[in-house]
Amino acid sequence: MTSWRLRHCFLVSLLAALLLAGCGGDGGDGDGGGSSPPQPAQNVAPIIVDGGPAGIPDIAFTTLTICAPGSTTNCQTIDHILVDTGSVGLRIISSVLSPGLSLPQQLDANGNALVECARFADGYSWGPVKVADMSIAGEKAASLPIQVIGDASFQTVPASCSSSGPPENTVPTFGANGMLGVGLFLQDCGAVCAQFAIPGGYYSCPANGCTPVAAALNKQLQNPVALFASDNNGVVIQLPALPAAGAATASGSLIFGIGTQSNNALGGAVVLTLDPNTRRIVTNFGGTSYPNSYIDSGSSLLFFGARTFPICTAPASGFYCPPSTQALSATLQGANKATTTVNFTVANANQLFNANPSFNAFTGIAAPNGDPASFAWGLPFFFGRSVYTAIETRTTPGGTGPYFAF
Amino acid sequence: MINIRVKKAGKIVARFVLLVVCTFGVRLPAHAALGDTEASVFADQSQISATVRTMRNARYTMHELQTPSGTAVREYVAPTGLVFAVAWQGPSMPDLRQVLGARFDEYVAAVAANRNKRGPVSIQLPGLVIQSGGHMRDFVGKAYVPEALPPGVSPEDVQ
């Protein structure tokens with residue numbers, strides 16, 4: 001983050017702090033008892049796109065409550081949790097947890113502490129798996145294995161974990177107080193991690209050090225939505241359409257369930273199923289096929305191409321900066337051969353940022369993709385849409401998950 | 001993308017390859033580093049109990065190591081016998097500290113210096129390109145030395 005963005009993040013954060021009780025390192029409300037804000041309608045959690053604690057544009061945040069398993073009083077409400085349809089499981093940065101919130105450690109098959117290396121394309125997060133009850137919008141996932149990132153009890157990161165990139169173990173480097181992974185799968189890693197001890201996956205951590213270990217499916221981080229008593233087959237993310245210049249903040253909804261209540265019907269949404277082998281969808285754009293494509297609220301931009309447009313210098317370094325806003329169109333195709341057209345824009349990110357330095361929500365920001373065969377439809381895609389993410393094996397009115405629909 | 005202009009690339013690459021070869025002694029069981037010899041590919045094979053598929057053409061040799069857990073790591077060897085590119089795809093990533101050798105810290109610093117977005121990264125350092133994409137369960141990426149690409153080989157050939 002450049003200094004001017006930090007400065008404006010600070011101003012926005014002040015505003016957000018007034019509105020939302022906190023944007024910054026201290027995300028907690030302490031004891032959740034009477035201090036939680038009133039919940040909206042059952043199965044709807046609010047989303048805010050406000051830059052968050054690190055001032056990163058186009059990150060969707062929500063607020064949730066975690067409690068020690070079985071407790072209704074030893075609880076903490078935490079804001080600025082990143083809503084991520086590209087991963088699975090709840091992760092919290094340890095520094096935002098109240099010292100009094102004592103969560104039990106998840107153990108592996110040999111009774112040793114189970115610790116995870118969560119890898120992202122741009123870094124890794126290291127920390128123990130603990131167990132908590134999670135509540136959000138009237139829904140509850142009991143005895144949920146979660147990752148506590150940057151926990152002081154496990155400070156030594158194995159080389160096989162840190163070898164993937166920079167650490168994301170603090171609020172500033174993670175860009176959020178935590179992450180709510182509500183993606184396509186039941187577990188974050190799944191069968192591969194249950195069968196193999198994978199360097200950079202789960203680790204067994206007796207006192208003398210950590211080594212990779214196979215983790216049974218039920219020991220791994222779980223999709224919290226799948227553990228809800230109802231509304232447990234997927235999620236809908238609704239964000240408003242934005243002006244071309246963007247907005248200081250955008251408010252939307254994280255709706256649990258697909259076709260389970262009147263507020264989450266599929267309607268006319270087109271269902272795009274995933275290739276059973278690659279778990280991807282196909283994007284056709286500009287005469288090129290991008291077979292490694294996916295829709296992901298946790299990616300903060302549209303990521304495609306290598307040098308499709310000129311690359312910005314600071315402050316939007318690494319973004320695309322075409323001379324003028326480009327109106328573009330792509331076709332997305334599922335393994336079920338269903339296709340749908342997406343109209344989108346790519347604006348000059350520096351012009352957007354400089355015109356309104358306090359803005360945090362944009363539809364037209366994009367950057368090159370590290371995988372030239374991939375078109376990653378990140379958060380800018382979600383504005384002005386209802387985007388459905390259906391969980392594997394779960395039935396919905398649109399068929400059995402996993403799938404994307406919009 | 002860290003858009004650092006490539007200057008004096010040839011000299012830097014030569015120094016880089018030398019540096020990587022010199023750090024050979026601290027290798028951990030992992031994957032061949034850029035600039036390593038072809039022999040290192042087969043050392044990898046035994047260390048990670050991977051199966052290897054080899055494809056040769058006039059421009060380069062590609063060894064694909066398939067780990068038991070399903071990650072494919074492809075190591076591209078130039079006719080000079082040196083590894084000029086490494087690509088990966090699957091539920092895990094290769095050990096980038098190993099693949100990038102002495103340049104790993106530079107890569108980490110470059111990504112960390114650009115925390116203005118979340119998602120795939122595409123980093124250009126002098127004499128080195130690193131692209132890391134995908135997401136949990138499905139990572140895709142590659143690292144290569146542009147100036148070491150054999151004649152007739154483009155970055156798109158590395159995948």
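Of the 159 residues in chain B, 50% count as buried. The structure is a predicted model. This report covers chain B as a whole, then the side of chain B that touches chain A, and then one strand of chain A with its partners.

**Chain B**

Chain B contains 4 helices and 8 strands. Along the sequence these elements come in the order β-α-α-β-β-β-β-α-α-β-β-β. Contacts in chain B between residues at least 6 apart in sequence can be sorted by separation, and 50% of them join residues at least 24 apart.

**Where chain B meets chain A**

Contact between the two chains involves 38 residues of chain B and 47 residues of chain A. Several elements of chain B give two or more residues to this side: strand 1 (2-3), helix 3 (96-100), helix 4 (104-112), strand 6 (121-125), strand 7 (128-135) and strand 8 (138-144). The largest share, 5 residues, comes from strand 7 of chain B. By class, the side of chain B that touches chain A has 15 nonpolar, 15 polar and 8 charged residues.

**Strand 7 of chain A**

In chain A, strand 7 spans residues 123-136 and is mostly covered, with 13 of its 14 residues buried. The table gives the strands that pair with strand 7 of chain A.

| Partner in chain A | Sense of pairing with strand 7 of chain A | Bridges |
|---|---|---|
| Strand 3 (residues 61-67) | antiparallel | 3 bridges |
| Strand 6 (residues 113-120) | antiparallel | 6 bridges |
| Strand 8 (residues 139-149) | antiparallel | 7 bridges |

Individual residues show how these pairings line up. On the side of strand 3, A:Ile66 stands opposite A:Met134, which belongs to strand 7 of chain A. For strand 6, A:Phe120 is opposite A:Gly123 of strand 7 of chain A. In the pairing with strand 8, A:Val131 faces A:Pro145, a residue of strand 8 of chain A.

Two of these pairings are also hairpins. Strand 6 and strand 7 of chain A form a hairpin with 2 residues between them. Strand 7 and strand 8 of chain A likewise form a hairpin with 2 residues between them. In the turn of this hairpin between strands 7 and 8, A:Ala137 has a positive phi of about 50°.

A general point helps when viewing such strands: in a regular strand, side chains alternate between the two faces of the sheet.

Methods
Residues are numbered from 1 along each chain as its sequence is written. Chains are lettered from A and ligands numbered from 1 in the order in which they are written. This is a predicted model: local features need pLDDT of at least 70, side-chain atom pairs count only at pLDDT 80 or more; totals for chains, interfaces and linings use all residues. A residue is buried if 20 or more other C-beta atoms lie within 10 Å of its own, exposed if 12 or fewer, and partly exposed in between; C-beta atoms are placed from the backbone. Two residues are in contact if their C-beta atoms, placed from the backbone, lie within 7 Å. Ala, Val, Leu, Ile, Met, Phe, Trp, Tyr, Cys and Pro count as nonpolar, Asp, Glu, Lys and Arg as charged, and the others, Gly among them, as polar. Two strands pair if DSSP finds at least two bridges between them.
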